Amino acid sequence: MDYGTSIHTALEHYSKSFKVFGHDKSLPRQTPLREAVKAFLRVSNFNNCIPEPLITDTQKGMSGWIDNLRFVDGKTVIVEDYKTNTFNSHIDYLAKWPLKVATYHKQLNFYGTILQNHGYTVGGLVVWHYHKGQWNKEPLKFEPVKEYSR
């Protein structure tokens, strides 16, 4: 399992188990994963969330797995995604991160459109980026996908 997948799995496990087993028993044992989950909990939480839901719109042929679906109230949601990109330098980060965010924005708009097609209000999108031991929040505006082609 690669680094990014390991971080995703650790966050998913914690979010699914902390209410049942408590904080300490839900944290990963491996130090880097444990630190990544603790760092996330310093800036956010998993209250009112569903981790890794599969969403589908069979009529339009759309589907996807959302890293974290946060319920604001009733049928208003925030679509969240975790990223663990690494960069060679701060200059490399400044050059590449905006391009990556543009790609992630398309991905999250796609997920938001599926949810909107099912009557949800998408209150926003968030890319959480784990970089140098901390989670950085990149809020994005939801822009529904008008046309989808496979």
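Me: Leaving aside its neighbours within four places in sequence, which residues is Ile66 in contact with?

Reply: The model is a predicted one. Neighbours of Ile66 within four places in sequence are set aside here. What remains in contact with Ile66 is Pro51, Glu52, Pro53, Ile55, Val79, Glu80, Tyr111 and Leu115.

Me: Which residues of the largest nonpolar core touch the most other members?

Reply: In soluble globular proteins, nonpolar side chains tend to be buried together. The largest nonpolar core of this predicted model has 21 residues. Those that touch the most other members are Ile66, Val79, Trp97, Tyr111, Leu115, Val122 and Leu125.

Me: How many residues of this core come from the element with the largest share?

Reply: Strand β5, helix α4 and strand β6 (121-131) each supply at least two residues of the core. The largest share comes from α4, and its number of residues is nine.

Me: Which residues does the second, separate core include?

Reply: Apart from the largest core, there is a second one, which is separate and has 18 residues. Among its members are Val37, Phe46, Val126 and Trp135.

Me: How far apart in space, C-alpha to C-alpha, are Ile114 and Thr56?

Reply: Ile114 is part of helix α4, and its relative accessible area of 0% makes it buried. Setting aside neighbours within four places in sequence, Ile114 is in contact with Ile55, Thr56, Asp57, Met62, Ser63 and Gly64. Thr56 is therefore among the contacts of this buried residue. In sequence Ile114 and Thr56 are 58 residues apart, yet from C-alpha to C-alpha the distance is 6.5 Å.

Me: What is the angle between the planes of Phe87 and Trp97?

Reply: The structure contains 14 aromatic pairs. Phe87 and Trp97 make up one of them, with 6.4 Å from centre to centre. Planes over 60 degrees apart count as edge-to-face, and this pair is edge-to-face at 90°.

Me: In which parts of the chain do Phe87 and Trp97 lie?

Reply: Both Phe87 and Trp97 are buried. The two residues are ten apart, and their pair links distant parts of the chain. Phe87 belongs to the loop between β5 (76-83) and α4 (90-117), while Trp97 lies in helix α4.

Me: Is the aromatic pair of Tyr93 and Trp97 stacked or edge-to-face?

Reply: Tyr93 and Trp97 are four residues apart in helix α4, so about one helical turn separates them. Tyr93 is buried at 17% relative accessible area, and Trp97 is buried at 6%. The ring centres are 6.1 Å apart, and the planes differ by 10°. Since planes under 30 degrees apart fall in that class, the pair is stacked.

Me: Which residue has the ring that the charged end of Lys75 sits over?

Reply: The charged end of Lys75 is 4.6 Å from the centre of a ring. That ring belongs to Tyr120.

Me: Which residue has the backbone nitrogen that the side chain of Ser26 reaches?

Reply: Ser26 lies in helix α2 (residues 23-26) and is buried, because its relative accessibility is 0%. Not counting residues up to four places away in sequence, Ser26 touches His13, Tyr14, Ser17, Phe18 and Phe21. At 3.2 Å, the side chain of Ser26 reaches the backbone nitrogen of Phe18.

Me: Is Glu12 buried or partly exposed?

Reply: Glu12 forms a salt bridge with Lys16, with 2.7 Å from N to O. Both residues are in helix α1 (residues 3-21), four residues apart, about one turn of the helix. Buried would require under 20% relative accessible area. Glu12 has 21%, so it counts as partly exposed.

Me: In which strands do Glu80 and Arg70 lie?

Reply: Side chains of opposite charge can pair when their charged atoms come close. Glu80 and Arg70 meet in a salt bridge at 2.7 Å, N to O. The pair ties together parts ten residues apart in sequence, because Glu80 lies in strand β5 and Arg70 in strand β4 (residues 68-73).

Me: How many salt bridges does a search of the whole structure find?

Reply: Another salt bridge joins the side chains of Asp81 and Lys83 at 2.8 Å, N to O, and both of these residues are buried. Glu80 and Arg70 are likewise both buried. For the whole structure, the number of salt bridges found is four.

Notes
Residues numbered from 1 in each chain as written. Predicted model: local features only at pLDDT ≥ 70, side-chain atom pairs only at ≥ 80, totals over all residues. Heavy atoms only, no water. Phe/Tyr/Trp six-rings, centres within 6.5 Å; stacked < 30°, edge-to-face > 60°. Buried < 20%, exposed > 50% of the residue type's maximum accessible area, 1.4 Å probe, protein only. Lys NZ or Arg CZ within 6 Å of the ring centre and 35° of its normal. Polar contact = N/O pair within 3.5 Å; in protein donor to acceptor, adjacent residues only side chain to side chain. Contact = heavy atoms within 4.5 Å. Core = buried A, V, L, I, M, F, W, Y, C linked by side-chain atoms within 4.5 Å.
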